[in-house]
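Colleague: I am new to reading structures of this kind, and I would like to go through this one slowly. Could we take a few places in turn and reason about each of them?

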Amino acid sequence: METDLSHIRGHVVVVMAPMGSGKGTLINRALENHPDLYETVSCTTRDMRPGEKDGINYHFITKEEFEAKVDDGQFLEWAEFAGNKYGTLKGEIMPRIVDPRVVIVEIELQGVQQLLKILPREHMTITYIDAGGWEVLRARAEKRAPMSETEMNARHDRFLIEEASKPLADVIIDNSGNEEDAHAQFEAVMQAAYNKCK
Ligand code: 5GP
């Protein structure tokens, strides 16, 4: 599919966030508030986690299928993260933003860097969900499920990589305190994105 940028009227809201920062809750509320809002479904080569559904959380595909899509130029961006590949199909974003619609894309740093080179800056808002640093995330993770030190160290390494994307954000959503405040901050980003649609 050709990436024609001359007809863009919509807006892409990028969400970057460390694991456990509550991004899912914020995004779900925004989807409820805006029936025409679309959250892209990425392709990934990682294993499905309990509770996840193919075609809903991700398109779970093999490494070979992923490579074939890369070779075929189907991805708008893709990256390797924690040993797995993740990519956003052009078809998930481009046909939607020819209309004055808002699309949410939840990706990591390398993907955002690629989108910055492709999409016109005025059609993109980059957000970062800040849950208040490693100690907060660690405490939340420990509360949810017991974890070995090795697992916790791996999570910490992952956190440091994810936190490195924070300086790229246009808007930092503070999700360290009152949850409703965080929803309001995210809703303000949505309103601004809809206002920028032409
Ligand atoms: P998880 O495996 O926990 O679902 O996601 C790992 C990381 O990959 C998260 O930071 C998530 O935002 C990112 N990610 C998910 N889909 C994509 C994608 O299509 N492209 C890129 N670049 N990153 C993605």
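Colleague: Is threonine 40 buried or exposed?
Modeller: Please keep in mind throughout that this is a predicted model. Threonine 40 is placed in the loop between E2 and strand E3 (42-44), and its relative accessibility is 9%. The cut-off for a buried residue is under 20% relative accessible area, so threonine 40 counts as buried.

Colleague: How far apart are the C-alpha atoms of threonine 40 and glycine 51?
Modeller: Along the chain, threonine 40 and glycine 51 are 11 residues apart. In space, the separation between the C-alpha atoms of these two residues is 19 Å.

Colleague: Is alanine 82 buried or exposed?
Modeller: Alanine 82 belongs to the loop between E5 and E6, and although this residue is not a glycine, it has a positive phi of about 50°. Its relative accessibility is 64%. Since a residue over 50% is called exposed, alanine 82 counts as exposed.

Colleague: Which residue offers the backbone oxygen that the side chain of histidine 123 reaches?
Modeller: Histidine 123 lies in the loop between helix H4 (109-118) and E8, and at 7% relative accessibility it counts as buried. Its side chain comes to 2.9 Å from a backbone oxygen, and the residue that carries this oxygen is glycine 10.

Colleague: What is the order of the strands in the open sheet?
Modeller: We can build the order from the pairs, beginning with strand E7 (residues 102-106), which is joined in parallel by 2 bridges to strand E2 (residues 38-39) and by 5 bridges to strand E1 (residues 11-16). E1 also pairs in the parallel sense with strand E8 (residues 124-130), again over 5 bridges. With E9 added, the open sheet has 5 strands, paired in parallel, in the order E2-E7-E1-E8-E9.

Colleague: Which strands stand at the edges of that sheet?
Modeller: A strand at the edge has a single partner strand, so one side of it is left without a neighbour in the sheet. The strands in this position are E2 and strand E9 (171-174).

Colleague: Which residue in E8 is the bridge partner of valine 14?
Modeller: Other residues show how such partners are arranged: histidine 11 stands opposite valine 102 in E7, and tyrosine 38 stands opposite valine 103 in E7. For valine 14, the bridge partner in E8 is isoleucine 126.

Colleague: How many of the residues of strand E7 are buried?
Modeller: E7 is paired with E1 over 5 bridges and with E2 over 2 bridges. Strand E7 is mostly covered, and the number of its 5 residues that are buried is 4.

Colleague: How much of the accessible area of the ligand does the protein cover?
Modeller: The ligand sits in the largest pocket, where 16 residues surround it, with Ser42, Arg46, Tyr58, Tyr86 and Glu108 as the closest. Among the contacts to oxygen atoms of the ligand, a polar side-chain atom of serine 42 lies at 2.6 Å, one of tyrosine 58 at 2.5 Å, and an N or O atom in the side chain of arginine 158 at 2.9 Å. On its own the ligand has 510 Å² of accessible area, and the share of this that the protein covers is 95%.

Colleague: Which helix supplies at least two residues of the shell around the ligand?
Modeller: The shell draws at least two residues from each of strand E5 (75-81) and strand E6 (84-89). A helix does so as well, and that is helix H6 (149-163).

Key
Residues numbered from 1 in each chain as written. Predicted model: local features only at pLDDT ≥ 70, side-chain atom pairs only at ≥ 80, totals over all residues. Heavy atoms only, no water. Buried < 20%, exposed > 50% of the residue type's maximum accessible area, 1.4 Å probe, protein only. Pairing = 2+ DSSP bridges. Near = heavy atom within 4 Å. Polar contact = N/O pair within 3.5 Å; in protein donor to acceptor, adjacent residues only side chain to side chain. Areas by Shrake-Rupley, 256 points an atom, 1.4 Å probe, with all protein chains shown as cover. 1 Å grid on protein atoms, 1.4 Å probe; cavity = no way out; pocket = protein on both sides within 12 Å on 5 of 7 lines; lining within 4 Å. Sits in = over half its atoms within 2 Å of the grid points.
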